[in-house]
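Here is a brief report on how two parts of one protein meet. Look at the structure first, then read on.

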Amino acid sequence: MTTMKIAILAGDGIGPEIVAQAVRVLDVLKTDGLGIALEHGLIGGCAVDATGEPYPEATHKLATHADAMLLGAVGGPKYDSLPRAQRPERGLLAIRKALNLFANLRPAILYPELADASSLKPEVVAGLDILIVRELTGDIYFGEPRGIEERNGQRVGFNTMIYNESEIQRIAHVAFQAAQKRNRKLCSIDKMNVLECTQLWRDVVEEVGKEYPDVTLSHMLVDNAAMQLVRDPKQFDVVVTGNMFGDILSDEASMLTGSIGMLPSASLDSNNKGLYEPIHGSAPDIAGKNIANPLATILSVAMMMRYTFNQESAAQRIENAVKKVLAQGFRTSDIASPGMRIIGTREMGDAVLSNM
Ligand code: NAD
């Protein structure tokens, strides 16, 4: 069996604490026979401290040679006054861009035991399990021309929404293949009634869909999608959309679950090499206290096994262990309801390990 080369980038704040628990999960998989080699690197504020740059060359080399990267989080108040180019968050943008990680996968899962954490009625969200696939390197966020300039005596701000066929094709393939690994339903979100760019989006997604007859494809306008996500989110399985709509809808979907410490994410290139990270930040307010929830990071390892390494049984083993831990009533403070037993970061890692 080939060895899975994984770069570990713990980052700042709670990053090192939560990543340590995810590394214990990787160690179990290794002990049980998977070929896994880990190498650690610096990104974000800790990299600025050590080298003056948030994404140093050594980290770029490490990431280039790895098959997958596991990242904790970056940033913290200590770095807020640095010049923009040295901010920790720049490290994150730099690694995504340098490795061409164009496909952002964000599951929004609400475990039945945590249904109270959502601001929506439990019957609307309990058991929610959707996956948002967002294009990450194109669209109006990168389109040219852009700027603010003076025209006819007043300032004008402008951006360009642009996608070419191949950009749409590659994200559509990722989404269809993700749907094949789930419930084989894909909903593509656009605004084709107003925007030509997204008319092309719809046409190309339709064309790519012919290669995936086992997946049921539907389309929805983005304004309706925003409504449907809060009205009846369980109608969705996999959702695919462009960079800007995906930015908004993926945050909306993650908030349906109400538990930021539970949600993993993946950013993939066209060979399924990926950067895996929790969706939350470095939580400086609770760093170093052994109270952060490590489950989003542990679930990021499950996504890594599924999407980069095609190890579905390892992915399910981790996800099932997390489900059991929740069913057994273990909670970190961010997901606890009154009367529940609250445990720390490391103890949550222990609980997951003992259920694997
Ligand atoms: P945050 O996600 O770090 O924290 C928001 C709130 O959620 C805080 O109260 C925090 O304690 C809590 N929280 C987050 N993760 C948790 C966990 N695993 N367990 C328990 N509670 C958790 O967002 P913020 O406070 O807006 O940002 C803090 C820093 O993180 C900033 O420097 C920001 O730029 C950075 N940030 C980094 C990333 C990333 O690395 N991908 C993402 C978002 C923010």
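How much area do domain 1 and domain 2 bury between them, and what percentage of it is on carbon and sulfur atoms?

## Buried area

This is a predicted model. Domain 1 and domain 2 bury about 1,800 Å² between them. Carbon and sulfur atoms carry 65% of that area.

Three residues stand out on the domain 1 side. Phe102, Tyr307 and Leu326 supply 34% of the area that domain 1 buries against domain 2. No other three residues supply more.

## The two domains

The domain assignment splits each domain into two segments of sequence. Domain 1 is 1-102 + 269-356. Domain 2 is 107-148 + 156-261. Taken over C-alpha atoms, the domain centres are 24 Å apart.

## Contacts across the interface

Contact involves 21 residues of domain 1 and 19 residues of domain 2. What of charge pairing and polar contact? The rule finds zero salt bridges across the interface of domain 1 and domain 2. Polar contact is present: four residue pairs meet the rule, with both residues at pLDDT 80 or more.

## The domain 1 side

Two helices each supply at least two residues of the side that touches domain 2: α10 (295-307) and α11 (312-327). The largest share comes from α10, with six residues.

By class, this side of domain 1 has 12 nonpolar residues. Four polar and five charged residues make up the rest. Charged residues are thus listed on this side, yet the rule finds zero salt bridges across the interface.

Conventions: Residues numbered from 1 in each chain as written. Predicted model: local features only at pLDDT ≥ 70, side-chain atom pairs only at ≥ 80, totals over all residues. Heavy atoms only, no water. Domains from an automatic or database assignment. Contact = heavy atoms within 4.5 Å. Buried area = accessible area lost by both parts, 1.4 Å probe. Salt bridge = Lys/Arg side-chain N within 4 Å of Asp/Glu carboxyl O. Polar contact = N/O pair within 3.5 Å; in protein donor to acceptor, adjacent residues only side chain to side chain. Helix = DSSP H or I, 4+ residues; strand = E, 2+ residues; numbered from the N terminus. Nonpolar A, V, L, I, M, F, W, Y, C, P; charged D, E, K, R; others polar.
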